[in-house]
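Here are some notes to read alongside the structure. Each numbered point takes up one topic, and terms are explained where they come up.

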Amino acid sequence: MGDGRLEIDRISKSFGDVVALRELAFDVRAGELFGFVGSNGAGKTTAMRIALGVLAADSGEVRWDGAPVTLETRRRIGYMPEERGLYPKMKVGEQLVYLARLHGLTPAAAERAVADWTERLGVAERVGDEVQKLSLGNQQRVQLAAALVHDPGILVLDEPFSGLDPVAVDVMSTVLRDKAKAGVPVVFSSHQLDLVERLCDRVGIVRSGQLVACDTVDALRSTGAMELVVDAPSAPPGWADNLSGVAVKEHVGSRTVLELGDGVDDQAVLRAALATGAVTEFSRRRPSLTELFRNVVADGVAA
Ligand SMILES: Nc1ncnc2c1ncn2[C@@H]1O[C@H](COP(=O)(O)OP(=O)(O)OP(=O)(O)O)[C@@H](O)[C@H]1O
């Protein structure tokens, strides 16, 4: 037995001339919520399909709990495909029971699981409706229920948050957090980086089929330059332009965001700001995940 980790071990995949993945490697630990981010076409869906076993890698291996993923272990994966996979004309409840039964649940256990999850995800009143009659957001909740009804040991979700309203985002976030807390490795892809930043224990950034950064959000942010946010309402435009070791990143209204070079004394910046009049905000911060992501992706474009 292993340690419950999902390991993506140097998987490569090409479609004809298109190299989708190049020795992509990362792991998702048991009990961890892992955010998988990258530009359009970076290789996220391909990697997730390979993790699930619906697509074969050209090389490399996917392991769970120390052993290669087999047909048997595949049944323990809860998967939410990007293209969604529900039958539009089938009723929500029937469909979920059917999927749970496919994963080996008894009829009674399947009914129970469907009742629980539809209740929890706020679609219990829709179980008698055809999937196609639901709004897209509610279809997505049903799709999540489909990934969960068989009590999976791993969760792999391709853009589960796209198109959800804020309440549904909260519901989805809570469910994923709870699953991770229960010891399940949970990996999901998303372009909503503020959400990823808030929710995930670790984040992997993929670019052109390779993992270019992988760590906790705090660790990733700490690699970025320190920033200062200064609100000095009486300061004239360009007040910070000639401060040594300081670059002006953004200036909106009376608020200026400065990037500090290594070893630059922020108190010197504060004195310069105070010399212009009152300072109503002065705070240090690290760049957000979105900014880091832009830098990483821009590096790739420049390379
Ligand atoms: N079945 C396929 N046949 C040919 N090329 C494919 C196929 N599936 C994916 N690709 C290519 O592989 C690359 C990676 O695609 P993939 O869908 O994995 O990216 P992604 O990161 O999920 O993108 P997005 O954020 O847009 O969903 C792209 O260049 C894509 O065009």
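1. Does V196 count as buried or exposed? A residue is called buried if 20 or more other C-beta atoms lie within 10 Å of its own, exposed if 12 or fewer do, and partly exposed in between, with the C-beta atoms placed from the backbone. V196 has 24 C-beta neighbours inside 10 Å, and therefore counts as buried. V196 is found in helix α7, residues 193–199, where helices (H or I, at least four residues) and strands (E, at least two) are DSSP runs numbered from the N terminus.

2. Before going further, please keep the nature of the model in mind. Residues are numbered from 1 along each chain as its sequence is written. The model is predicted, and local features need pLDDT of at least 70, side-chain atom pairs count only at pLDDT 80 or more, while totals for chains, interfaces and linings use all residues.

3. The surroundings of V196 can be described through contacts, where two residues are in contact if their C-beta atoms, placed from the backbone, lie within 7 Å. Leaving aside residues up to four places away in sequence, V196 touches G35, V37, S190, V203 and L289. By contrast, W239 is 43 residues from V196 in sequence and 35 Å from it in space, C-alpha to C-alpha.

4. For the chain as a whole, there are 10 helices and 14 strands, and the C-alpha atoms fill a box of roughly 75 × 45 × 35 Å along the principal axes. Of the 303 residues, 37% are buried. Among contacts between residues at least 6 apart in sequence, 70% join residues at least 24 apart.

5. One open sheet has six strands in the order β6-β7-β8-β3-β9-β10, with mixed pairing; two strands are said to pair if DSSP finds at least two bridges between them. Strands β6 and β10 (210–215) stand at the edges with a single partner strand each, so one side of each has no neighbour in the sheet. The twist from one strand to the next averages 15°. Within this sheet, β3 (residues 33–38) and β8 (residues 186–189) run parallel and are joined by four bridges, and G35 has F188 as its bridge partner in β8.

6. Two helices pack on this sheet, and their directions are compared using lines fitted to C-alpha atoms (for helices over the stretch in contact), with angles from 0 to 180 degrees between N-to-C directions. Helix α1 (residues 44–52) touches β3, β6, β7, β8 and β9 (202–207), and its direction makes about 150° with that of β7. Helix α6 touches β3, β7 and β8, and its direction makes about 150° with that of β8.

7. Another open sheet has four strands in the order β12-β13-β11-β14, with antiparallel pairing. Its edge strands are β12 (246–252) and β14 (281–285), each pairing on one side only. Six bridges link β12 to β13 (residues 255–260); A247 stands opposite E259, and V248 has L258 as its bridge partner. These two strands form a hairpin with two residues between them, and G253 in the turn has a positive phi of about 60°. Five bridges link β11 to β13, with D231 opposite R255. Helix α9 (residues 266–274) lies across β11 (227–231), β12, β13 and β14, running at about 15° to β11.

8. Helix α5 (residues 136–148) has 13 residues and reaches 19 Å from its first C-alpha to its last, close to the 18 Å expected at 1.5 Å a residue, where the expected span is 1.5 Å times one less than the number of residues. This helix is mostly covered, with 10 of its 13 residues buried, including Q139, R141 and L148. What covers the buried residues of α5 includes β6 (77–80), α3 (92–102), α4 (107–120), β7 (154–158) and α6 (166–181).

9. Finally, consider the ligand, taking a residue as near it if its C-beta atom, placed from the backbone, lies within 6 Å. Among the residues that surround the ligand are F15, V18, G43, K44, T45 and E82. The elements giving two or more residues to this shell are β2 (18–28) and α1, and the largest share, three residues, comes from α1.
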